[in-house]
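Please take a moment to look over the sequence and the structure together before reading on. The paragraphs after them are meant for someone meeting this protein for the first time.

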Amino acid sequence: MDFKKFIVIPVFIAILAASFIVVDQLLNPLMPISDKGGFGWVTFQAWAMYFLAGGTFKGGLRTFLGYVMGIIAAISIIYLFGIFNSSTGFWALPLAVLIVVIPMCSVEKAPSLFDFVPALFVSSAVFFAFGKMYPGATMTASTITILTYCAIGMVYGIVTVNLRGLYEKSVAEKA
């Protein structure tokens with residue numbers, strides 16, 4: 001495909017990205033931690049994770065489930081840190097991470113919907129970032145917000161793949 005035909009794809013993706021910003025601005029006031037600003041960054045990285053998972057509906061589901069499991073892992077680290085902190089001090093966080101990362105990596109051998117390890121690590125990082133960016137947010141509010149914006153990223157990924165496929169097919173048919 002020559003550049004003149006290809007450029008339609010980046011323009012289309014840019015339009016999708018801009019449309020998401022509109023969605024973010026409308027959705028933000030409905031989120032449990034809405035006074036802290038937009039959460040579009042969660043959707044954009046989740047949208048990218050959709051493509052890393054193969055750009056399919058199943059890949060999107062694997063990504064979303066990975067986000068759920070990653071949040072559970074992050075919360076587990078937080079709770080284990082609390083348990084270990086009084087007795088191990090400095091070693092509380094490394095010990096909590098050690099214990100939780102083993103099952104996180106082990107899901108690679110789980111059934112195919114639960115085996116997308118990168119989503120677990122990205123999601124855990126997002127959860128910890130929420131804790132730093134929105135210190136007053138509860139774990140529940142953070143979880144709801146992250147998973148809502150992750151789901152939106154999956155929808156935008158599906159739309160991107162399907163519309164790009166339709167466009168590429170129409171260009172190929174004309175050639």
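What follows is a walk through confidence, aromatic rings, cysteines and a patch on the surface.

The model shown here is predicted, and the protein averages a pLDDT of 94, with 98% of the residues scoring at least 70. Among the elements of the protein, the lowest mean pLDDT, 94, belongs to helix 1, while the highest, 97, belongs to helix 5, which covers residues 92–106.

The aromatic residues offer a way into the fold, for the structure holds 13 aromatic pairs. In one of them, the ring centres of F20 and Y156 lie 5.8 Å apart with their planes at 80°, and because an angle over 60 degrees counts as edge-to-face, the pair is given that name. This pair joins distant parts of the chain, since F20 belongs to helix 2 and Y156 to helix 7 (residues 139–174), 136 residues apart. Both partners count as buried, F20 with a relative accessibility of 0% and Y156 with one of 11%.

Another edge-to-face pair is formed by F39 and Y134, whose rings are 5.3 Å from centre to centre with 75° between the planes. Here F39 sits in the loop between helix 2 and helix 3 (40–52), whereas Y134 sits in the loop between helix 6 (117–133) and helix 7, so the pair ties together parts that are 95 residues apart in sequence. F39 and Y134 are both buried. Taken together, ring pairs link F20, F39, W41, F44, W47, F130, Y134, Y149 and Y156 into a cluster.

The cysteines call for a different kind of reading, and the count of disulfides comes to zero. The sulfur of C105 has its closest cysteine sulfur in C150, at 19 Å, and because a disulfide requires the two sulfur atoms to be within 2.5 Å, this is too far for a bond. As for their surroundings, C105 is partly exposed, with a relative accessible area of 37%, while C150, at 0% relative accessibility, counts as buried.

Finally, the surface carries a nonpolar patch formed by M1, F3, F6, I7, V8, V11 and I15, which together have about 640 Å² of accessible area. The elements that contribute two or more residues to this patch are helix 1 (3–6) and helix 2 (8–27), and helix 2 gives the most, with three residues. Within the patch, F6 has its place in helix 1 and is partly exposed, its relative accessible area being 32%.

Conventions
Residues numbered from 1 in each chain as written. Predicted model: local features only at pLDDT ≥ 70, side-chain atom pairs only at ≥ 80, totals over all residues. Heavy atoms only, no water. Patch = residues over 30% accessible without salt bridge, like charges linked within 9 Å, V, L, I, M, F, W, Y side chains within 5 Å. Areas by Shrake-Rupley, 256 points an atom, 1.4 Å probe, with all protein chains shown as cover. Salt bridge = Lys/Arg side-chain N within 4 Å of Asp/Glu carboxyl O. Helix = DSSP H or I, 4+ residues; strand = E, 2+ residues; numbered from the N terminus. Buried < 20%, exposed > 50% of the residue type's maximum accessible area, 1.4 Å probe, protein only. pLDDT = per-residue confidence, 0-100. Phe/Tyr/Trp six-rings, centres within 6.5 Å; stacked < 30°, edge-to-face > 60°.
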